[in-house]
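Open the structure in your viewer and keep the selection tool at hand. The stops below say what to select next and what is there.

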Amino acid sequence: MKRTLGTCYYPEHWPVEIWEADARRMKETGLTWVRIGEFAWSRLEPLPGELDFDWLDQAIEILGQAGLKVVLGTPTATPPRWMVEKHPDMLAVDANGNPRKFGSRRHYCFSHGGYRQESDRIVTLLAERYGRNPHVGAWQTDNEYGCHDTTISYSDAARAAFRTWLMDRYGSIEALNRAWGNVFWSMEYASFEDIDLPNLTVTEANPSHTLAFRRFSSDQVVSFNKRQADIIRARSDAPTSHNYMGRITDFDHFKVGDDLDIATWDSYPLGFLEDRVGASDEHQRAYARQGDPDFQAFHHDLYRSVGKGRWWVMEQQPGPVNWAPYNPAPLPGMMRLWAWEAYAHGAEAVCYFRWRQAPFAQEQMHAGMLRPDNADAPALLEARKVADELVHAPEVSTLQAPIALLFDYDADFAWATQPHGAGLSYFQAVFDTYKALRKLGLSIDILRSETRDFSGYKVVAAPGLIYMSQDLKAALAETNAHVVLGPRTAARNADMVIPVPLPPDFPGLDVTVSRVESVRPDMPMALKGGGSLVGYREELEGAADVVWELEDGQPAAYRTGNLTYLGGLGDETALKRVYSDLCKQAGVTTMELSGGVRCRDTATQRIWVNYGSEVAATPAGTIEAAGVLFEQK
Ligand code: GAL
């Protein structure tokens with residue numbers, strides 16, 4: 001597969017006279033793709049029913065004639081002002097009951113029937129007009145579902161739809177009362193019509209109720225997206241995609257991905273480090289101009305899985321952004337490094353966001369490939385370098401990794417519903433495992449929890465799967481790979497109730513979690529031999545072999561055969577010990593990577609990147625700061 005570059009362009013922001021020059025310059029830079037249209041509804045339909053597609057016809061024609069391929073976005077993330085007049089109750093509602101008003105973007109509730117019809121209508125018009133246009137090479141549905149905390153809405157439309165969803169799921173109100181344990185605090189309902197949304201309660205709502213509402217909210221995103229995908233598919237052969245985000249876990253991306261051809265994501269390494277990696281101040285200072293060395297790779301691997309092998313970076317940070325607490329400029333070379341790292345993980349395309357910096361509105365402080373005065377910005381020069389390198393680069397093809405890491409959005413919903421300790425997060429538990437594996441020099445495949453065939457993997461890591469179906473348990477028990485379970489494996493049933501027999505109740509592994517505790521993160525529990533459990537620990541009992549102990553002699557991990565149960569959240573040292581030990585047993589070679597050096601294996605190469613700000617050594621030679629090194633196999 002040939003790797004490509006692209007950009008995000010807003011022809012409606014610029015005079016038509018410069019579109020041709022822009023297109024020519026994109027082509028000269030070595031770009032293939034240009035994404036357009038995703039926020040342009042007010043220009044496509046200035047007044048209800050009054051359509052103007054001529055400018056978009058012209059923009060697509062100009063870009064196509066220049067030899068570029070268009071990714072056409074549906075504009076539903078930005079319903080125009082008149083839409084809100086027409087459907088005042090379409091606005092999403094926050095947890096305090098306040099409408100999320102017009103004046104920025106994503107101000108719609110996924111459950112609103114009227115808005116769903118408007119979405120169908122505009123998407124149908126676009127797909128009919130451009131579905132067979134030879135310049136349209138791909139589609140994007142909407143833009144960044146969930147961005148700005150918009151998955152969950154406490155609107156009237158959501159309440160009505162939630163009741164129907166519950167009825168379908170439970171069949172009778174008695175079954176729901178039983179499943180949720182509503183006898184507790186006299187919360188029993190007489191009918192589905194009694195059930196409200198789980199906000200504005202005096203104290204915590206029943207976790208079964210909250211989890212159900214999260215699952216429902218996720219399903220609403222899935223069905224909203226599916227309608228768009230179905231409409232496009234019926235009218236176009238070009239692949240469909242959606243641009244996901246970093247560390248957004250409040251809808252099931254795998255389920256959205258089931259209805260699309262390609263997963264894309266928007267990678268802003270410096271913004272993320274400030275905003276959502278959750279790193280220490282020291283780490284943030286060290287990587288302020290490079291980004292966290294593992295956060296991008298994690299999402300590359302995640303979205304490769306969401307896209308069933310096909311994935312892109314749809315938006316790549318091009319310089320300082322506008323939205324993080326601090327917005328530094330990347331070290332020279334990073335915009336090239338990020339692209340090569342994405343290719344190493346299998347990206348088909350990397351598109352820089354955006355073509356030209358807009359001097360107006362919310363993102364005027366967000367860099368582009370061009371400055372507002374049209375001069376080249378550093379991103380353009382680095383993109384051109386990548387484009388030149390791609391001409392001679394061997395084709396990059398992905399390889400099944402030796403290590404599988406399970407990721408499950410539903411587990412994240414459940415941890416968020418009942419974390420049981422400040423800051424405890426499923427995403428963090430999985431990401432910490434990923435980081436430890438990567439610092440051992442390993443390539444990793446992230447798999448969804450519906451996976452049943454683990455053949456080819458040497459080690460399968462499955463931390464934090466708080467609900468685990470019987471058939472996943474059976475598949476993990478049967479695989480030949482070394483499997484690491486815990487903490488919280490199967491700690492709740494499907495309705496968020498503690499099961500009896502107590503967890504994990506796992507076939508072939510005689511271990512029971514007898515009690516759990518959460519503790520302050522500054523009270524680490526040291527393990528004999530190095531490393532600690534931090535923040536959360538389980539007391540374990542059973543007849544399996546104890547393989548790790550705390551300093552005080554309490555068991556921390558049990559093992560039978562190739563099944564290991566780890567009873568707590570390990571720090572980096574602990575996780576590296578667990579996994580290097582298992583890799584040794586499985587015959588997988590590990591390394592000790594330090595600083596910002598990381599690598600990823602493709603079928604023909606090991607591609608090294610250096611997120612550090614100093615020259616670093618690798619087994620394949622030295623690598624400059626913000627550099628990339630290609631090691632032939
Ligand atoms: C993304 C979004 C873009 C733009 C960008 C700024 O989240 O999809 O439209 O806002 O961030 O960094």
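In which sense do strand β3 and β4 pair, and over how many bridges? Select strand β3 (residues 69–73) together with β4: they pair in the parallel sense over four bridges. Two strands count as paired if DSSP finds at least two bridges between them. Helices (H or I, at least four residues) and strands (E, at least two) are DSSP runs, numbered from the N terminus.

Before going on, note that this is a predicted model, in which local features need pLDDT of at least 70 and side-chain atom pairs count only at pLDDT 80 or more, while totals for chains, interfaces and linings use all residues. Residues are numbered from 1 along each chain as its sequence is written, and side-chain values use heavy atoms, with hydrogens and water left out.

**Strand β4**

Stay on β4, residues 136–140. Five of its five residues are buried (under 20% relative accessible area; exposed is over 50%, partly exposed in between; 1.4 Å probe, protein chains only). Now pick Trp 139 in β4, and Leu 72 stands opposite. Next add strand β5 (residues 240–244), which runs parallel to β4 and is joined to it by two bridges. Here Gln 140 has Ser 241 in β5 as its bridge partner.

**The loop after α7**

Select the loop between α7 (173–180) and α8 (207–233), where Val 183 is found. Val 183 counts as exposed because its relative accessibility is 63%. Add Phe 184 and Trp 185: with Val 183 they make a nonpolar surface patch of about 400 Å². Such a patch is made of residues with over 30% relative accessible area and no salt bridge, with nonpolar side chains (Val, Leu, Ile, Met, Phe, Trp, Tyr) joined within 5 Å and like charges within 9 Å. A salt bridge is a side-chain nitrogen of Lys or Arg within 4 Å of a carboxyl oxygen of Asp or Glu. Accessible areas come from the Shrake-Rupley method with a 1.4 Å probe, and for residues only the protein chains shown count as cover.

**Strand β11**

Move to strand β11 (residues 459–462), which is covered on both faces. Val 459 and Ala 461 are buried on one side, Val 460 and Ala 462 on the other. Strand β9 (residues 403–407) pairs with β11 in the parallel sense over three bridges, and Ala 404 stands opposite Val 460. Strand β12 (residues 482–485) also pairs with β11 in the parallel sense, over four bridges.
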